[in-house]
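Please open the model in your viewer and keep the sequence beside it, since each stop of this tour asks you to select something and then look around it.

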Amino acid sequence: GWVGELHPTPMRMWILMLDGEVEFEASDGNRRSLVPGSALLLEDTHGKGHRSHVIGGNIATLAVVQMPVPGR
């Protein structure tokens with residue numbers, strides 16, 4: 001039932017879904033659900049960002065890989 005309110009990601013990062021299910025919603029309304037084995041590259045470091053929330057009653061387990069900023 002966890003909900004993350006609208007926010008930009010603090011840095012570019014890959015989200016790798018290990019267990020459970022999480023839905024991400026971009027500020028333009030585009031939604032994507034992550035299930036075990038799927039991945040999402042978050043790059044919305046500016047602007048309104050995204051919302052995210054756990055779907056269903058299971059605990060969500062994610063791996064996060066921080067990415068370098070291009071050009072640095």
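Two strands are said to pair if DSSP finds at least two bridges between them, and the strands themselves (E, at least two residues), like helices (H or I, at least four residues), are DSSP runs numbered from the N terminus. This is a predicted model, in which local features need pLDDT of at least 70 and side-chain atom pairs count only at pLDDT 80 or more, while totals for chains, interfaces and linings use all residues. Residues are numbered from 1 along each chain as its sequence is written, and side-chain values use heavy atoms, with hydrogens and water left out.

**First stop: strand E2 and its partners**

Select strand E2, which covers residues 13-19, and then add strand E7, residues 61-66. These two strands run antiparallel and are joined by 6 bridges; within this pairing, Leu16 has Ala63 of E7 as its bridge partner. Now add strand E5, residues 39-42, which also runs antiparallel to E2 and is joined to it by 4 bridges, with Ile15 standing opposite Leu40 of E5. In a regular strand the side chains alternate between the two faces of the sheet.

**Second stop: Trp14 and the nonpolar patch**

Stay on strand E2 and pick out Trp14, which lies there. Is Trp14 buried, partly exposed or exposed? Trp14 counts as partly exposed because its relative accessibility is 32%, where buried means under 20% relative accessible area, exposed over 50%, and partly exposed in between (1.4 Å probe, protein chains only). Leaving aside neighbours within four places in sequence, Trp14 is in contact (heavy atoms within 4.5 Å) with Ala39, Leu40, Leu41, Ala63, Val64, Val65 and Met67. A distance label drawn between the C-alpha atoms of Trp14 and Met67 should read 7.3 Å, although the two are 53 residues apart in sequence.

Next, select Trp14 together with Leu16, Leu18 and Val65, which form a nonpolar patch on the surface with about 320 Å² of accessible area together. Such patches are made of residues with over 30% relative accessible area and no salt bridge, like charges being joined within 9 Å and nonpolar side chains (Val, Leu, Ile, Met, Phe, Trp, Tyr) within 5 Å; accessible areas come from the Shrake-Rupley method with a 1.4 Å probe, and for residues only the protein chains shown count as cover. Strand E2 gives the most to this patch, with 3 residues, whereas Val65 lies in strand E7 and counts as partly exposed at 38% relative accessibility.

**Third stop: the salt bridges**

Side chains of opposite charge can pair when their charged atoms come close. How many salt bridges does a search of the whole structure find? The search finds 3, a salt bridge being a side-chain nitrogen of Lys or Arg within 4 Å of a carboxyl oxygen of Asp or Glu.

Select Glu43 and Arg12, whose closest N and O atoms are 3.1 Å apart in a salt bridge. This pair links distant parts of the chain, 31 residues apart, with Glu43 in the loop between E5 and E6 and Arg12 in the loop between strand E1 (3-7) and E2. Glu43 is partly exposed at 46% relative accessibility, while Arg12 is buried at 19%.

Then move to Arg31, which is linked with Glu23 and Glu25 in a network of salt bridges. The closest N and O atoms are 3.6 Å apart between Arg31 and Glu23, and 3.5 Å apart between Arg31 and Glu25. Arg31 counts as exposed at 51% relative accessibility, but Glu23 is buried at 13%, and Glu25 is buried at 18%.

**Last stop: Asp44, Thr9 and Ser52**

Select Asp44, in the loop between strand E5 and strand E6 (50-54). Its side chain is joined to that of His50 by a polar contact of 2.8 Å, the term meaning a pair of N or O atoms within 3.5 Å; within protein, one must be able to donate a hydrogen and the other to accept it, and residues adjacent in sequence count only if both atoms are side-chain atoms.

Now select Thr9, in the loop between E1 and E2, which is buried at 3% relative accessibility. The side chain of Thr9 reaches the backbone oxygen of Met11 at 3.0 Å, and beyond four places in sequence the contacts of Thr9 include Asp44 and His50.

Finish with Ser52 in strand E6, which is buried at 5% relative accessibility and touches, among others, Trp2, Val22 and Glu23.
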